[in-house]
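Colleague: I should like to go through the contact between the two chains with you. Could you show me the model before we begin?

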Amino acid sequence: MRGFWSVYLKELYLLFASPIFYVVAFIFLLLNGYFFYSAMAFYNSYSFHAAQNPFMASQLNLTDMVLRPVFMDLSIVLLLVAPLLTMRTYAEERRSGTLELLFTLPVTDRAALAAKYGAVVTTFLLILAGTLPCMAILELLAQPNWKTIFSGYLGLVLLGCAFLSLGVFASSLTQNQIVAAVLSFGSLLMFWIIGWMKMILGPEGRLADTLEYLAITGHFDTFSKGILDSRDVVYYAAFILFFLFLSLRQVESCRWRG
Amino acid sequence: MPRIMRSRRVWTHGSNTFLSTLLFLGILVFVVLIAERHPWRVDLTEAGLYTLSEQSRKIAKAVDQPVTIKGFFQSAEPARLEVEDLLESYRLANKKIRYTFIDPDRNPEEAGRYDIRQYGTLVLEGYDRRQTIQQADEQSITNALFKLMREEQKKIYFVAGHGEHSISDFNQAGYSSVRSALERENYAVQSLSLLQQKGVPEDAAAVVIAGPEKPYFQEEVESLERYVEDGGRLLVLLDPGHAGPLVDWLRKYGIELQDDMVIDKLSRIFGGSYLMPVVTQYGLHDITQGFNVATFYSEARSVQVADPSPEGVHLVTLASTSPNAWAETDLERLRQGEASFDESEDFPGPVPLGVLVQLDPAKFPGRASSEGTSESSDETPEPSTGEGEGGAGAAEGHPAKGYLVVLGDSDFIGNTHFGLSGNGDFFLNIVNFLAEEETLITVEPRGDGGKKTGQPIVLTQDQARTILVLSLGLIPGSVILLGLGVYRVRRSHR
């Protein structure tokens, strides 16, 4: 992995120097704040009613009523935000012609890809870390189950990494950042809703099962509920690896196509 | 570079890339398939919300033939997600268990095939049998699985020989629909002549007396008495006008059967006659839990309850008419078509039409009390729970509780009326309760699993404001400030 660090640091520098990162982080955290606040407000009023109703009191569940909705909402925001973080990775270099420069440097394609992907993942993790203070508030007010919080975050991280890998691939396809962003957003949305086909195709059948497996939502839901399932981890790992592999092939093709 | 060479290069590299991508995809699919076959799952919730209890897991693991669970839910019903979580746990425990969801509104023919009347019904199919459950919780599913796997077929006997409705009769008044409905629920249905056979057979899960026209002999009643007081389960459907030793015997358990006929003004609204009382309110019991469909009875008599009830007997009124109905005692005037409510003689509504008798032989002063070996504790009978007693109790040396359900009509489940509104379901609920002996497997409801779930958070005004300021103001704001700082620094460097 020769040249990984130098590319990684350069990418990080570019990301933090550009206003995109701050705008994306601002919007993401603002929405997170709103979701968290409204979930808390709902839980608060529910708790208030539950004080008079033992049945409702038994239904009170911090994981299901606050954490799961917040995680689910954040996953939707990620859908919009991830393409913005990845859109410039390769498209920018192709447009400005620095990709050829990168080919001449003593950096392998693989290291360059890993560095670029690593950089966007790092920024994403930083943005995600901005949601942690809300969890700290929860800890101060009640005793949340940190294990389910951990699984929710793990799900978000895996989901985000999957989105970013597809975004990097989309960026490697084109010279235009906007096109890259729209491409990745469109395909992510496709992966999001493809499971709905099951309703049309009917509950049984191999095609419906395959489409349901490909859909991103179902795999994230288990994490947000507080379940660690090896099959979902494998799904995300396969998703990430596949699109990174495709990006690598695509970047290589830029060499031999000339 | 000559064009040919270039295109050859592109072709070689391109096919190379294509093949390697295909190979890589193949490897991934392979890995995914292996992972799907060997799932590993940890439930991190405090209460273990997504983990089956030990009993359920054992039973799910024991399933050795394919079982399909069909859930009839509306597509957007929130309860569906919960049930899906639950069914997924069963599927994880055993691959032989599969589940699908069917929207009865989109697939009416499928719902019709399974005779679905209510959203949220689950149908389990496997072992060439079918189990239908209305309540999609772990206990019901586990019990249904257990019943599917159980080889033994429970026997329901219909007493014959006194003009009762016949289970093989396809006429309007016949009970062939009853028979096929019971057989669908995996019961074996047989008729029983108490004149030819001494006593009720040992293997009877329940005995039904379906509207006899002639009185029973004393010996027959004694057989039935022995059966019930030894923990048997009997369903008695008696039409108006029937009298004799059976009616006298039932009086012993606090059931008063008068020579009357129930007249219901309300049923006229439903399009029936005055002589077809309608029941929309049911008593509190397992049999009627969640049951909210009207049932119609053509020409019924009242089943009144003695007050106070005899010792060792607990009575639950299962079905009664609306207050608009009454039990007419002057049958002569009724025949002339001029019956009206007579306060001094007639029994005012709501008229009870169906009563459950729960008999505790240990306390009952009849025949069995002398045999009652162990003194059961002083617990009061609980009307709404039927579990944990009966067979289980008998095994520990306590005499089993006997159950007796008396309804004032037998035509309501005849071939004509079986499918009418909730009639058939009501009957099946009663038989299921009687024959099931008790809930086979009791699954402890998931508690709050300690202090962490079920904890209320009531915020003060200040706390709410702090959360608002921090989550919506401070955190996103600091990011913007940071961005501005970076922008200024970069500008000053330029």
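The exchange below concerns the interface, a sheet and the annotated segments.

Modeller: This is a predicted model, in which local features need pLDDT of at least 70 and side-chain atom pairs count only at pLDDT 80 or more, whereas totals for chains, interfaces and linings use all residues. Residues are numbered from 1 along each chain as its sequence is written, chains are lettered from A and ligands numbered from 1 in the order in which they are written, and side-chain values use heavy atoms, with hydrogens and water left out.

Colleague: What area do chain B and chain A bury between them?

Modeller: Contact, meaning heavy atoms within 4.5 Å, takes in 59 residues of chain B and 57 residues of chain A. Leu44(B), Gln455(B) and Ile457(B) supply 13% of the area that chain B buries here, more than any other three residues. Buried area is the accessible area (1.4 Å probe) that two parts lose on being put together, summed over both. Carbon and sulfur atoms account for 66% of the total, which is about 5,300 Å².

Colleague: Which residue of chain B meets Asp229(A) in a salt bridge?

Modeller: A salt bridge requires a side-chain nitrogen of Lys or Arg within 4 Å of a carboxyl oxygen of Asp or Glu, and three are found across the interface. Strand E1 of chain A (residues 227-229) pairs with E1(B) in the antiparallel sense over three bridges; strands are DSSP runs (E, at least two residues), as helices are (H or I, at least four), numbered from the N terminus, and two strands pair if DSSP finds at least two bridges between them. In E1(B), the residue opposite Asp229(A) is also its salt-bridge partner, at 3.1 Å from N to O: Arg41(B).

Colleague: Which element gives the largest share of the side of chain B that touches chain A?

Modeller: Helix H1 (3-37), strand E1 (41-43), helix H3 (78-93), strand E3 (97-102) and helix H14 (461-493) of chain B each supply at least two residues. The largest share, 16 residues, comes from H14(B).

Colleague: Which residue is the bridge partner of Asp264(B) in E17(B)?

Modeller: Three strands of chain B form an open antiparallel sheet in the order E11-E17-E18. E11(B) and E17(B), residues 325-328, pair over four bridges. The partner of Asp264(B) is Ala325(B).

Colleague: How far apart are the end C-alpha atoms of residues 66-85 of chain A?

Modeller: The unreviewed UniProt entry annotates several transmembrane regions in chain A, including residues 66-85; such annotations may be inferred rather than shown by experiment. Residues 66-85 of chain A are 100% helix, and the end C-alpha distance is 27 Å.
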